[in-house]
Amino acid sequence: MLNLERLRTLDALARHGSVSGAAEGLHITTSAVSQQMAKLEREVGQRLLAKHGRGVRLTDAGRLLAEHAARILSQAELAQADLEAQRGQVAGELRVSAFPTAARGLFPAALADLKERHPALRVRSRELEPENGIRGVVRGDLDLAVVLDWYNKPMPLPDGLVKALLLDDPADVALPAAHPLAGRDEIDLAELAEDEWITWGEGEFCHEWLMFTLRSKGVEPIVAHRAAESHTQLNLVAAGLGVCVAPLLGRDPLPGGVVTVPLRQRVRRHVFVVWRADADRRPSIRAAVRALRAAGERVGGAPGSSAPESGSPAHGSGVPQEGVRTAAPAS
């Protein structure tokens with residue numbers, strides 16, 4: 001009989017590509033990973049790992065068993081979800097992530113609500129950029145991730161994930177108070193062609209969105225400063241060092257010396273939560289989605305015209321629509 005925990009270790013090795021990565025993902029030591037794999041090799045009577053430089057790689061037998069392990073673990077999670085749904089109890093541990101402004105703007109209210117309503121549920125949260133949050137859910141390191149995309153640039157999602165829209169988050173442009181356009185009712189992006197921009201890190205989804213959007217307006221952006229955190233960007237604007245996009249979520253309070261002006265073409269980002277389809281029926285997932293949606297409504301960004309996205313499966317996931325609706329109930 002194959003041991004489930006050892007299969008989980010093999011699955012983590014296949015997904016992370018290294019013993020250290022598997023150990024980090026499983027929250028165990030590297031020696032524990034090696035011990036589990038040695039026991040699994042004895043159980044199956046075949047070598048599953050081979051040395052590769054300073055690390056290891058899966059053998060043909062290892063890859064074959066890893067493919068089965070992924071399916072077995074998915075089925076085991078589905079069974080666990082069904083048992084939890086039958087009990088109807090919101091309990092156990094829930095691991096969640098959000099990008100920084102969502103962590104600041106949604107998590108305090110949502111997680112406090114979960115703690116009050118479901119004291120038997122232990123929530124562990126962390127800040128992660130959207131791409132890393134999605135990878136964490138796919139790998140099984142996270143149960144839920146709050147992520148985003150923009151009105152003109154969707155975030156690609158892997159198969160097997162379910163998503164529910166939390167809010168549409170409008171964004172303005174933030175200018176130094178002394179900027180010539182600071183008194184305007186609205187601004188076109190093309191009018192900022194000569195301005196220096198404060199943006200996110202190279203390669204981050206939001207940075208790529210800004211470059212794409214400015215260039216679609218015929219503006220070749222002048223990037224002066226980069227900062228991952230929106231409040232750092234706004235403080236650089238306050239110092240007169242450039243302009244930046246300022247979404248509403250998690251924005252307040254604005255630092256002194258900063259003015260926000262709406263853009264003529266309304267800019268918004270979609271904030272949504274994703275989880276694995278095989279965890280669809282877990283009461284803790286449902287409870288967390290309800291709490292996050294309620295927090296989204298409280299910050300004034302309830303879903304509007306994009307509401308039909310709510311609770312829809314990731315593109316091509318093949319998740320039955322009925323199962324998605326029950327997993328993401330209205331708050």
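## A tour from the N terminus to the pockets

Start by selecting L2, which is found in the segment before α1; helices (H or I, at least four residues) and strands (E, at least two) are DSSP runs, numbered from the N terminus. This is a predicted model in which local features need pLDDT of at least 70 and side-chain atom pairs count only at pLDDT 80 or more, while totals for chains, interfaces and linings use all residues. Residues are numbered from 1 along each chain as its sequence is written, and side-chain values use heavy atoms, with hydrogens and water left out.

**Stop 1: a nonpolar patch**

L2 has a relative accessible area of 40% and is therefore partly exposed (buried means under 20%, exposed over 50%, partly exposed in between, with a 1.4 Å probe and protein chains only). Add L4 and I72 to the selection: with L2 they make a nonpolar surface patch of about 220 Å². Patch residues have over 30% relative accessible area and no salt bridge, and nonpolar side chains (Val, Leu, Ile, Met, Phe, Trp, Tyr) are joined within 5 Å, like charges within 9 Å. Areas come from the Shrake-Rupley method with a 1.4 Å probe; for residues, only the protein chains shown count as cover.

**Stop 2: the largest pocket**

Next select R8, E77, R139, G140 and R276, the residues nearest the centre of the largest pocket among the 37 that line it. Colour α1 (4-16), α2 (19-26), α4 (60-87), β3 (92-98) and α7 (130-139), since these elements each give two or more residues to the lining of the largest pocket. The space in this pocket comes to about 960 Å³. On a 1 Å grid over the protein atoms alone, a pocket is an open set of points with protein on both sides within 12 Å along at least five of seven lines, a cavity is a set where a 1.4 Å probe fits but cannot get out, and lining residues have an atom within 4 Å of a point. Points are joined across faces, edges and corners, and a volume is the space filled by probe spheres set on them.

Which classes of residue make up the lining of the largest pocket? There are 15 charged, 12 nonpolar and 10 polar residues (Ala, Val, Leu, Ile, Met, Phe, Trp, Tyr, Cys and Pro are nonpolar, Asp, Glu, Lys and Arg charged, the others, Gly among them, polar).

**Stop 3: the second largest pocket**

The second largest pocket has a volume of about 310 Å³. Centre the view on E24, H27, R126, R139 and D141, which are the closest to its centre of the 18 lining residues. Two or more lining residues come from each of α2, β3, β4 (121-127) and α7. Helix α7 supplies the largest share, 4 residues. By class, this lining has 8 charged, 7 polar and 3 nonpolar residues.

**Stop 4: salt bridges**

The whole structure holds 17 salt bridges, each a side-chain nitrogen of Lys or Arg within 4 Å of a carboxyl oxygen of Asp or Glu. Select R104 and E229, whose closest N and O atoms are 2.8 Å apart in a salt bridge. R104 is in helix α5 (residues 100-105) and E229 in the loop between β8 (222-226) and α9 (230-238), so the pair links distant parts of the chain, 125 residues apart. Both partners are partly exposed, R104 at 30% relative accessible area and E229 at 23%.

Move to D169 and R269, a salt bridge with its closest N and O atoms 2.8 Å apart. Because D169 lies in strand β6 (residues 161-176) and R269 in strand β10 (residues 258-276), the pair ties together parts 100 residues apart in sequence. Are D169 and R269 buried or exposed? D169 and R269 are both buried.

Then select R264 and E191, in a salt bridge whose closest N and O atoms are 3.9 Å apart. R264 lies in strand β10 and E191 in the loop between β6 and β7 (196-199), so parts 73 residues apart in sequence are tied together. R264 is partly exposed, with a relative accessible area of 40%, and E191 is partly exposed at 33%. Extend the selection to R184, E186 and R266, which are linked with E191 and R264 in a network of salt bridges.

**Stop 5: cavities**

How many cavities of 30 Å³ or more does the structure contain? There are 5. The largest holds about 110 Å³ of space. Its lining includes F99, P100, W200, C206 and R269. By class, the lining of the largest cavity has 7 nonpolar, 2 polar and 3 charged residues.

**Stop 6: a cis bond and strand β10**

Select P253, in the loop between β9 (244-247) and β10. The peptide bond from D252 to P253 is cis, with omega near -5 degrees. Most peptide bonds are trans.

Finish at V261 in strand β10, which counts as buried because its relative accessibility is 1%. The C-alpha atoms of V261 and G183 are 8.1 Å apart in space, while the two residues are 78 residues apart in sequence.
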